[in-house]
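I opened a fresh page for this model and wanted to write down what I looked up, one topic at a time.

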Amino acid sequence: MAKGIDYSKARYADQGKLMSAQIPVAVQKLMRPSAAALEPYDPAFSPVEVNLSANENSFGLPDGLREAVARSLAKAPTNRYPLPLAPSVREILSEMYGVGPEHIICGNGGDELLFNLFVAFGGAGHTVLHCPPDFSVYDLYAGLLECDLQEISRDPQTFDVDEKALIAASSEATLTVVTSPNNPTGNVISHDLVVRLCEACPGLVLIDEAYMEFADTGSSCVDLLQTYDNLVVLRTLSKAYALAGVRLGYMLASPGVISALAAVRQPYSISVLDQTAAKAVLERREELGRTLEQIKEGRSRLYSELQGLSSKGLEVWPSQANFLLVRLPHAHEVRCQLRDDFSVLVRDFSSAPGLKDCLRLTVGTPQDNERLIDGFRQILEG
Ligand code: PMP
């Protein structure tokens with residue numbers, strides 16, 4: 001980070017300005033009806049010392065990798081348009097997964113690929129099925145693109161998917177979406193359920209594996225891509241690879257589905273800098289192994305420490321991702337206290353459907369986690 005620039009504060013200030021811009025009614029009247037009622041996405045950042053609200057990798061890149069990225073970026077041909085399909089990144093991914101590049105498409109973050117998937121396979125008369133509480137973007141894109149939305153809610157206590165109801169509903173869906181590990185609840189779905197969904201659903205089955213690198217070995221369903229042409233798997237470099245600021249996600253699917261996604265995408269959405277940085281990190285990805293282990297260790301520790309606060313009314317769910325979901329009395333107020341008195345930001349889900357009084361805590365560095373748990377202790381015990 002450049003000396004003397006408070007990057008986090010600049011970013012938050014910028015965000016504040018954007019959020020105050022309401023869409024005037026006269027402009028709304030000119031808009032596509034499904035977009036007129038939307039509001040700009042607000043990640044609810046505020047300037048804090050410890051940001052545990054966005055499931056980023058708080059360790060950042062190890063020094064050696066950071067230097068490798070810097071060296072590559074210095075040589076990047078920024079006077080040229082980027083190659084549309086990011087072939088050098090695609091090639092590495094192709095080796096990683098042992099599938100041809102025609103099975104892979106990169107995007108400007110997983111978000112862009114989700115958007116493109118909804119553009120290509122959604123629309124009026126197309127049914128999108130998902131399992132809330134889950135990633136809010138599915139709802140948003142389905143609404144914007146005028147899809148029929150069907151929801152099979154998770155169990156309110158365990159957040160498990162209602163498998164029977166989901167399989168039954170998927171037989172009518174154009175696109176079935178399941179997040180594994182799920183954001184914000186942290187649980188994975190079984191291999192067997194993915195098989196049954198792919199067989200039941202006449203449309204596509206998207207398994208969003210944005211957090212899969214943090215889960216137990218064997219939890220991913222990528223091996224099923226060989227068998228099921230209707231399976232799509234989403235991955236991202238934003239979490240385990242510490243590149244949320246770079247914006248590089250990818251989907252794995254059958255060549256036909258990849259062609260459809262390629263056809264609707266904006267050709268130059270992945271910049272030369274994105275592609276260069278992603279390639280440099282993927283080439284030396286084994287250097288991220290230690291950080292990944294530290295995040296998993298931090299998750300176990302944080303989980304036990306939070307369990308220790310159960311007598312104060314705090315409940316915590318096990319998680320296979322880089323975050324933990326907790327429920328506690330007065331969650332919204334506690335979140336504000338953590339922010340204002342301890343300079344720790346966590347994500348507030350306390351008024352989201354199915355998540356009453358819940359907060360989502362990203363697992364950070366050992367010092368971040370210490371500060372978070374100390375804040376909880378002082379607030380709940382004090
Ligand atoms: N899927 C899930 C479940 C996520 O939580 C996120 C990020 N919050 C994404 C996809 C997209 O991530 P990105 O655009 O940073 O790749």
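**Entry 1: a serine in a loop.** I kept in mind that this is a predicted model. I began with Ser-350, which I found in the loop between strand E11 (344–348) and strand E12 (358–362). Is Ser-350 buried or exposed? Its relative accessible area is 13%, and because anything under 20% counts as buried, I noted Ser-350 as buried. I then listed what Ser-350 touches, leaving aside the neighbours within four places in sequence: the contacts are Ala-331, His-332, Leu-355, Lys-356, Asp-357 and Cys-358.

**Entry 2: the sheet around that loop.** I next followed the two strands that flank Ser-350, E11 and E12, into their sheet. Five strands form this open sheet, and I wrote their order as E1-E11-E12-E10-E9, with mixed pairing. Which strands stand at the edges? They are strand E1 (50–52) and strand E9 (315–316), and since each has a single partner strand, one side of each is left without a neighbour in the sheet. As a reminder to myself, strands of a sheet pair through backbone hydrogen bonds, either parallel or antiparallel. For E11 and E12 the sense is antiparallel, over two bridges, and I marked Asp-348 as standing opposite Leu-359 in E12.

**Entry 3: the cysteines.** How many disulfides does the structure hold? I found zero, and I wanted to see why for a particular case. The closest cysteine sulfur to that of Cys-198 belongs to Cys-221 and is 7.1 Å away, which is too far for a bond, because a disulfide needs the two sulfur atoms within 2.5 Å. Cys-201 is in no disulfide either, as its nearest cysteine sulfur, that of Cys-198, is 8.1 Å away. I also checked burial here: Cys-198 is buried with a relative accessible area of 5%, and Cys-201 is buried with 4%.

**Entry 4: the second largest pocket.** I finished with the second largest pocket, whose volume is about 280 Å³. Its lining consists of 15 residues, and those lying nearest the centre are Pro-77, Ser-88, Val-272, Gln-275 and Thr-276. Which helix gives the largest share of this lining? I noted H11, with six residues, while helix H5 (87–97) and helix H11 (272–283) each supply at least two residues. Sorted by class, the lining has eight nonpolar, four polar and three charged residues.

Methods
Residues are numbered from 1 along each chain as its sequence is written. This is a predicted model: local features need pLDDT of at least 70, side-chain atom pairs count only at pLDDT 80 or more; totals for chains, interfaces and linings use all residues. Side-chain values use heavy atoms; hydrogens and water are left out. Helices (H or I, at least four residues) and strands (E, at least two) are DSSP runs, numbered from the N terminus. Buried means under 20% relative accessible area, exposed over 50%, partly exposed in between (1.4 Å probe, protein chains only). Contact means heavy atoms within 4.5 Å. On a 1 Å grid over the protein atoms alone, a cavity is a set of points where a 1.4 Å probe fits but cannot get out, and a pocket is an open set with protein on both sides within 12 Å along at least five of seven lines; lining residues have an atom within 4 Å of a point. Grid points are joined across faces, edges and corners, and a volume is the space filled by probe spheres set on the points. Ala, Val, Leu, Ile, Met, Phe, Trp, Tyr, Cys and Pro count as nonpolar, Asp, Glu, Lys and Arg as charged, and the others, Gly among them, as polar. Two strands pair if DSSP finds at least two bridges between them.
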